[in-house]
Amino acid sequence: MKNKQELEQQHFSKMDPVIMIPGSNATQNRFDSLVTLLNKKSRRKHNLLKLTVQTNNEITYSGTTNLHGKHPVIVIAFADNQDGYSNIKKQAEWLRVALEQLIIRYHFNHFDALGHSNGGLIYTYFLEHDALGLGVRVQKFMTLGAPFNLNNQSITEQTQMLADFIKYRKNLPKSLEVTAVTGAQNYSTDGLVPVNSAAAEKYVFQEVVKNYTVVTVTGSNAEHSDLPQNPQVVDLVKKTLF
């Protein structure tokens with residue numbers, strides 16, 4: 001139970017962090033290049049705090065722990081960062097554990113979210129099942145190359161994960177603004193995620209949240225692992241989340 005002082009600190013918090021989650025097999029360093037590029041384009045530098053949640057719920061911190069400024073960047077990674085729907089659900093639980101600790105430490109009550117690849121799926125599961133109970137508001141959410149139907153090339157053949165996302169989409173925050181970024185090396189894939197799998201995201205968010213926007217990035221830097229450093233994506237992240 002939070003005491004009166006903690007609740008007041010959260011209520012009047014001016015901090016609006018951007019919290020990022022990497023995809024499978026990626027570490028807390030996944031967004032270092034993105035943050036460096038953002039800071040080159042901004043007069044006010046964004047602090048970077050990085051966390052890794054262990055399987056026993058312990059959390060290790062690195063980077064700037066004394067956060068200041070309106071939009072610090074916080075990266076939450078997981079020691080067990082393997083692929084698969086069952087692991088995505090575990091990682092969503094570890095995300096909740098990390099956010100609980102961050103809210104106590106930094107007293108914020110709202111944030112913006114970015115998830116690359118499976119990071120977008122982890123966030124979606126969290127938004128449908130845990131966000132309301134934390135008493136924190138996610139305002140804007142951006143996904144980068146998120147495989148909402150996993151490796152399935154077909155939109156009509158739903159994986160269990162996509163079916164569950166659609167089933168619980170009524171729990172999504174109605175005020176949420178979502179931007180879905182899809183990479184396209186060709187008409188069918190970004191080199192890893194099928195275009196149709198990323199496009200299945202619309203069945204989860206469209207007509208439920210406040211805004212749902214799709215952006216397709218093509219060209220030499222549109223490959224799946226390049227998306228966080230893609231110049232177009234960096235500009236879009238800056239304009240949308242900062």
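Before I list which residues meet, I note that contact means heavy atoms within 4.5 Å.

**Entry 1: two helices, H4 and H6**

I am working with a predicted model, and I began with a pair of helices in it. With that cut-off in hand, I looked up where H4 and H6 touch, and I found that Leu 121, Thr 124, Tyr 125 and Glu 128 in H4 meet Met 161, Asp 164 and Phe 165 in H6. When I sorted the residues of this contact by class, I had four nonpolar, one polar and two charged. Helix H4 covers residues 118-129 and helix H6 covers residues 160-167, and the two pack at an angle of about 35°, with 10 Å between their axes. I also wrote down the handedness, since H4 passes H6 in a left-handed crossing.

**Entry 2: the chain as a whole**

I then stepped back to the overall picture, and I counted nine helices and eight strands in the chain. The radius of gyration is 17 Å, close to the 18 Å that the globule rule gives for 242 residues, so I noted the chain as being as compact as a globular protein of that length. Along its principal axes, I found that the C-alpha trace spans about 50 × 40 × 35 Å. Of the 242 residues, I saw that 53% are buried. I also looked at how the contacts are spread along the sequence: of those between residues at least 6 apart, 77% join residues at least 24 apart.

**Entry 3: H4 again, now with H3**

Which residues of H4 face H3? I first looked up how the two helices lie, and found that H3 and H4 pack at an angle of about 65°, their axes being 8 Å apart. Angles from 65 to 115 degrees count as roughly perpendicular, and H3 and H4 are therefore roughly perpendicular to each other. The crossing in which H3 passes H4 is right-handed. From H4, the contact uses Asn 118, Leu 121, Ile 122, Tyr 123, Tyr 125 and Phe 126, while H3 brings Tyr 85, Ile 88, Lys 89, Gln 91, Ala 92, Leu 95, Arg 96 and Leu 99. By class I had ten nonpolar, two polar and two charged residues in this contact of H3 with H4. Looking back, I noticed Leu 121 and Tyr 125 among the H4 residues that meet H6, and I found both of them again in the contact with H3.

While I was on H3, which covers residues 85-106, I also looked up Ile 104, which has its place in this helix. Is Ile 104 buried or exposed? Its relative accessibility is 52%, and the cut-off for exposed is over 50%, so Ile 104 counts as exposed. Its C-alpha atom is separated by 28 Å from that of Val 209, a residue 105 places away along the chain.

**Entry 4: H2 and H9**

I turned next to helix H2, residues 32-40, and helix H9, residues 231-241, which pack at an angle of about 65° with their axes 10 Å apart. H2 and H9 are therefore roughly perpendicular to each other, and I recorded their crossing as right-handed. On the H2 side I found Leu 34, Leu 37 and Leu 38, and on the H9 side Val 234, Val 237 and Lys 238. This contact of H2 with H9 has five nonpolar residues, no polar ones and one charged residue.

**Entry 5: residues in loops**

I looked up Gln 54, which lies in the loop between strand S2 (48-53) and strand S3 (59-63). With a relative accessibility of 26%, Gln 54 counts as partly exposed. Leaving aside residues up to four places away in sequence, I found that Gln 54 touches Thr 60, Ala 79 and Trp 94. Between the C-alpha atoms of Gln 54 and Lys 238, which are 184 residues apart along the chain, the separation is 30 Å.

Asn 57 is also in the loop between S2 and S3, and I noted its positive phi of about 80°, although Asn 57 is not a glycine. Its relative accessibility is 37%, so I put Asn 57 down as partly exposed.

Where is Glu 207 found? I located Glu 207 in the loop between helix H8 (202-205) and strand S8 (211-218). Its phi is near 70°, again a positive value in a residue other than glycine. The relative accessible area of Glu 207 is 75%, so I entered this residue as exposed.

Definitions and conventions:
Residues numbered from 1 in each chain as written. Predicted model: local features only at pLDDT ≥ 70, side-chain atom pairs only at ≥ 80, totals over all residues. Heavy atoms only, no water. Axes fitted to C-alpha atoms, helices over the stretch in contact; angles between N-to-C directions. Helix = DSSP H or I, 4+ residues; strand = E, 2+ residues; numbered from the N terminus. Parallel < 35°, antiparallel > 145°, perpendicular 65-115°, else oblique. Left-handed = near helix turned anticlockwise from the far one by under 90°. Nonpolar A, V, L, I, M, F, W, Y, C, P; charged D, E, K, R; others polar. Rg over C-alpha atoms; globule rule 2.2 N^0.38 Å. Buried < 20%, exposed > 50% of the residue type's maximum accessible area, 1.4 Å probe, protein only.
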